[in-house]
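I sat down with this one to look at its helix faces, its rings and its odd backbone angles. Notes follow in the order I looked things up.

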Amino acid sequence: AKMSAPTMEERKACWGARDEFWQCLDSHGDDASECEKLRLGPSSRRSARVKYFNKRRDFLKYKRKLETEGYHPPEAAGKS
């Protein structure tokens with residue numbers, strides 16, 4: 001089967017499903033089991049996009065933590 005680029009409507013549906021899934025994770029303390037039905041939405045057909053969305057969410061959470069708490073180097077750094 002030839003893979004083609006998604007249409008604008010497909011992208012909007014995918015991003016909407018991603019946003020709904022992320023909101024569910026936020027409201028359930030990142031408990032993916034509570035949100036599994038949302039994970040299987042339109043974006044599940046494109047695994048590369050799902051991987052990107054998951055990495056993006058992790059990065060945004062890390063960035064938010066850095067902005068609110070600042071950078072704290074690991075305690076083991078430089079103690080070899």
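**Notebook: helix, loop and rings**

Reminder to self: this is a predicted model.

Started with α1. I checked its length: the 20 residues should span 28 Å at 1.5 Å a residue, and the end C-alpha atoms are 28 Å apart, which agrees.

Next I asked which residues of α1 are buried. I got Cys14, Ala17, Phe21, Trp22, Cys24 and Leu25. Looking down the axis, I see these buried residues fall within an arc of 160°, so they line one face of the helix. That made me recall the helix rule: with 3.6 residues a turn, residues three or four places apart point the same way. On the other side of α1 I noted Glu9, Lys12, Gln23, Asp26 and Ser27 as exposed.

Then I looked at what follows the helix. Gly29, just after α1, has a positive phi of about 60°. Asp30 also caught my eye: its phi is positive, about 65°, although it isn't a glycine. I placed Asp30 in the loop between α1 (8-27) and α2 (36-39). Its relative accessibility is 35%, so I put Asp30 down as partly exposed.

Rings last. I searched the whole structure and got one aromatic pair. It is Tyr52 with Phe53, tilted, with 6.0 Å centre to centre and 55° between the planes. Buried or exposed, I wondered about Phe53? At 5% relative accessibility, Phe53 is buried, whereas Tyr52 is partly exposed at 49%.

Finally, I followed Arg18. Its charged end sits over the ring of Trp22, 5.1 Å from the centre. Arg18 also lies over the face of Phe53, 4.9 Å from that ring centre.

Methods. Residues are numbered from 1 along each chain as its sequence is written. This is a predicted model: local features need pLDDT of at least 70, side-chain atom pairs count only at pLDDT 80 or more; totals for chains, interfaces and linings use all residues. Side-chain values use heavy atoms; hydrogens and water are left out. Helices (H or I, at least four residues) and strands (E, at least two) are DSSP runs, numbered from the N terminus. Buried means under 20% relative accessible area, exposed over 50%, partly exposed in between (1.4 Å probe, protein chains only). Rings of Phe, Tyr and Trp (its six-membered ring) pair if their centres lie within 6.5 Å; planes under 30 degrees apart count as stacked, over 60 as edge-to-face and the rest as tilted. A charge sits over a ring if NZ of Lys or CZ of Arg is within 6 Å of the ring centre and within 35 degrees of the ring normal. The expected span of a helix is 1.5 Å times one less than its number of residues. The arc is that of the directions from the helix axis to the C-beta atoms.
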